[in-house]
Amino acid sequence: MDQNKLKRHHIMRSLILAGITALLAYLILSEALSHYLAPRLHMFSYVTLVILALLTIVSIRQIFVGSSVYDCDCEEQHKVPRTPMGSLLVYGLFVLPIVMGFVMPDKILGSDVAEKRGITLLSNDVRKLADVTANANANATENVEQPAEVKEDAEPSVEPQPEATNQGATPRVQATSDEQLRQRFSNGGFGDFYTDIAVFLHKQPVIELNDKVFLDGLTTMELYAKEFAGKELETMGFVYRQSDFTKQQFVVARFSVTCCTADSSVYGVLVEKEDANKWAKDSWVKVRGKLELRQVDGYDMLVLKASQVEAVSAPKDPYVYYSFEATPDS
């Protein structure tokens, strides 16, 4: 091929690589990357940016140095497009997403996507976990051996109680309270992870279901629905409605992202308030109220009877993620 024509192809390829590099850099610097990828994958984007920058430099070098079709020892396997229409088709497939990335605004997921995917108010995974744990506890109870008879001569051991002091009275009461809570939630048999979160949430006068603990906290409250009935809750999310909702109902919802927005799921809390219909779909609100226990298909479900609803701005990162931490305040 004529070297001038080959040079034009190198220029076009360099521009495409530079465009992809610039688009990724823009998403990182503008902090819009969270609209597409979960934070745990951001590091891979940084590595990709460096690789793309190096490839762009190599491609620009070929413009001035020139190259041969045999540079990679692939003979005729890497032919460039031979016709103007072929070039337009091949390079257009790369140029179009670059232009769209810069021109189209970043939009967070909302009710339209939630309606297609369905929203989780009582997680199927939580139901399975509750059923499996209940069966395991039942089997364990059947297999428990009868305790040995207590000898009549044996005296019950009584631990000596430390003398109460003004300095140590409050910590002692707090420690007992925490221990009682742990005993209360550990009886469910769901493990230390959910027990820790349950204790952490229940100790709060008003449960703050923030971004960090939203998913784990929601799951925990579903597992221990009866224990959390009557507690005050405050959380934030976008307004979602279904056609079968009453005028007094909406869901304060959040999208959960595992890897990218393509695998997102929707979780939320059903809210009831007299003037609930005044809040527009997809508007962001902060809700505060008291949790009430309901029965849905034989399962306990918590509904938030709202006392306060106020409009707020959508957060910079609108999605929530599982933290996989032992305790929510660690």
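1. One term before the cysteines: "partly exposed" is the class between buried, under 20% relative accessible area, and exposed, over 50%. By that yardstick C259 is partly exposed, because its relative accessible area is 28%. Its sequence neighbour C260 lands in the partly exposed class too, with 26% relative accessibility. Keep in mind while reading on that this is a predicted model.

2. So what about disulfides: how many does the structure hold? The count is 0. For C259, the nearest cysteine sulfur belongs to C260 and is 6.4 Å away. Turn that around and C260 has the sulfur of C259 as its nearest, again at 6.4 Å. A disulfide needs two cysteine sulfur atoms within 2.5 Å, so neither C259 nor C260 is in one.

3. On to the inside. The model has 1 cavity of 30 Å³ or more, and the volume of the largest cavity comes out at about 120 Å³. Its lining is made of 14 residues, and those closest to the centre are L121, L218, E222, V269 and L302. If you want to look at it on screen, those five names are handy to select.

4. Which elements give two or more residues to that lining? They are helix α8 (214-223) and the strands β5 (265-272) and β7 (299-311). By class, the lining has 11 nonpolar residues, 1 polar residue and 2 charged ones. E222, a glutamate, is among the residues closest to the cavity centre.

5. Now the record. An unreviewed UniProt entry lists residues 44-64 and 85-104 under "transmembrane region". How does the model fold there? Residues 44-64 are 100% helix and 0% strand, and 31 Å separates the C-alpha atoms at the two ends. For residues 85-104 the figures are 95% helix and 0% strand, with the end C-alpha atoms 27 Å apart.

6. Strand β2 (residues 206-209) has two faces: I207 and L209 sit on the covered one, while V206 and E208 sit on the uncovered one. Its partner is strand β3 (residues 232-240), and the two pair in the parallel sense over 4 bridges. Across that pairing, E208 of the uncovered face stands opposite E234 in β3. You might look at this spot, with one glutamate opposite another.

7. Where does T246 lie? Its place is the loop between β3 and β4 (249-256). The residue counts as partly exposed, its relative accessibility being 39%. T246 and A276 are 30 residues apart in sequence, yet their C-alpha atoms are 9.1 Å apart in space.

8. Last, two backbone angles to look at. E31 is not a glycine, but its phi is positive, about 60 degrees. This residue belongs to the loop between α1 (3-29) and α2 (42-65), and with a relative accessible area of 44% E31 is partly exposed.

9. The other one is D282, again not a glycine, with a positive phi of about 75 degrees. Here the setting is the loop between β5 and β6 (284-296). D282 is partly exposed, with a relative accessible area of 31%. The β5 strand that comes before this loop is also one of the elements giving two or more residues to the cavity lining.

Note on methods: Residues are numbered from 1 along each chain as its sequence is written. This is a predicted model: local features need pLDDT of at least 70, side-chain atom pairs count only at pLDDT 80 or more; totals for chains, interfaces and linings use all residues. Side-chain values use heavy atoms; hydrogens and water are left out. Buried means under 20% relative accessible area, exposed over 50%, partly exposed in between (1.4 Å probe, protein chains only). On a 1 Å grid over the protein atoms alone, a cavity is a set of points where a 1.4 Å probe fits but cannot get out, and a pocket is an open set with protein on both sides within 12 Å along at least five of seven lines; lining residues have an atom within 4 Å of a point. Grid points are joined across faces, edges and corners, and a volume is the space filled by probe spheres set on the points. Ala, Val, Leu, Ile, Met, Phe, Trp, Tyr, Cys and Pro count as nonpolar, Asp, Glu, Lys and Arg as charged, and the others, Gly among them, as polar. UniProt positions are given in the numbering used here, feature names are shortened, and annotations may be inferred rather than shown by experiment. Two strands pair if DSSP finds at least two bridges between them.
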